[in-house]
Amino acid sequence: MNAETSDGGGPALSGYAPTAGLHAGLRSGVVYHVDASYFIFRAYHSMPPDMVDAVGNATHALYGFARFISDLIEQVRPERICVAFDQSQRSETSFRNGIYPAYKANREAPPADLERQFALCREFCRHMGLAEFASAEYEADDIIGTSAARSRAAGLRNVVVTRDKDLSQLIRRGDVFWDYSGNIRYQYHEIEPRFGAVPELIADFLALTGDTVDNIPGVPGVGKKTAALLFAIFGSLDELYANLERVPAMKLRGAAALAVRLLAHKEAAYLARRLTGIVCDIPLEFTLDQLKPRPPDSARLAAFFDTHGFGNILRQQARRIAGAQTTL
């Protein structure tokens, strides 16, 4: 199936309906940070897998991601945007894997056609004039964390575009966690009801509960409810372990046994905390001005669309985006 047919009414990613005017007046002083890997995986598993180019290479993840990023740019017209990619999908080269070799070891190696499309998604961003980043040592989360920290230090607000709960730890007052697929936005005060802890404690929370997606075990027997109760009393993992003798007196079923488990797995909890915490000061070379979108490269985009068999929708969007940028 050639991508040309999708432009004629085939399936796009559900939940990506335009919301024109939604961010009108809100662009100034805002940096959008896009977790590209999530949207590529989503496209890979939701778009028709028989979408191929002229020589038979799969293009469904590329096409779905290109539609998403084009819709986002056209809707938001961001003043600044950072698109972050995971360079290694199993993180064998990540510093976290050096700390804990079993980190993400539960994940299968990504299919070759997906790896290929990841690289093409990065290329598409460059042709669209967007700042895109990837690292062999750090994950997309760390790229977003560093970009968000620098943006905040410059007095800018952050919008993190993802569905990954780990990234909610980056949200501070004035920021937004945007679940674009679900068309839901969470402000700072809405993170705790949604994810179980205030943003500053998300990494500590995950260190206790574990994270099966990333193969982080946590403390046995400590689920989300128990972790939430603990952090309602203790303000951090450090404070919890500094006051562990108070746990048996808590009005919590099995409190005494819980204290024993926490002590027995203290080392594991702190190891997990090193894995769940997002690094916000990685050596990433960019200026905030470099996050400002450049006009799309029309010639390179046209050749890119021809090579991958894409039809009119993406071409028309690119032209509209280029035209809109001249009016900013």
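Strands β5 (residues 176-179) and β6 run antiparallel in this predicted model, and four bridges join them. To find one of these pairings for yourself, look at valine 176: its bridge partner in β6 is glutamine 187. In general, the strands of a sheet pair through backbone hydrogen bonds, in either a parallel or an antiparallel way.

Now step back to the whole sheet. Six strands make it up, and reading across you meet them in the order β3-β2-β1-β4-β5-β6. The sheet is open, and its pairing is mixed. The edges are held by β3 (131-133) and β6 (184-187); each has a single partner strand, so one side of each has no neighbour in the sheet. From one strand to the next, the twist averages 20 degrees.

Next, let's see what lies on the sheet. Helix α2 (residues 36-46) lies across three strands, namely β1 (30-35), β2 (80-84) and β4 (157-161). Relative to β1, helix α2 runs at about 45 degrees.

Finally, turn to a pair of helices. Helix α8 (residues 202-209) packs with helix α12 (residues 266-276) at an angle of about 135 degrees, and their axes are 8 Å apart. Because angles of 35 to 65 or 115 to 145 degrees fall outside the other classes, α8 counts as oblique to α12. The crossing of the two helices is right-handed. On the α8 side, the contact is made by Ala203, Asp204, Leu206, Ala207 and Leu208, while α12 brings Ala269, Ala272, Arg273 and Thr276. Sorted by character, the residues of this contact are six nonpolar, one polar and two charged.

Key. Residues are numbered from 1 along each chain as its sequence is written. This is a predicted model: local features need pLDDT of at least 70, side-chain atom pairs count only at pLDDT 80 or more; totals for chains, interfaces and linings use all residues. Side-chain values use heavy atoms; hydrogens and water are left out. Two strands pair if DSSP finds at least two bridges between them. Axes are lines fitted to C-alpha atoms, for helices over the stretch in contact, and angles run from 0 to 180 degrees between N-to-C directions. Contact means heavy atoms within 4.5 Å. A crossing is left-handed if the near helix is turned anticlockwise from the far one by less than a right angle, and right-handed if clockwise. Ala, Val, Leu, Ile, Met, Phe, Trp, Tyr, Cys and Pro count as nonpolar, Asp, Glu, Lys and Arg as charged, and the others, Gly among them, as polar.
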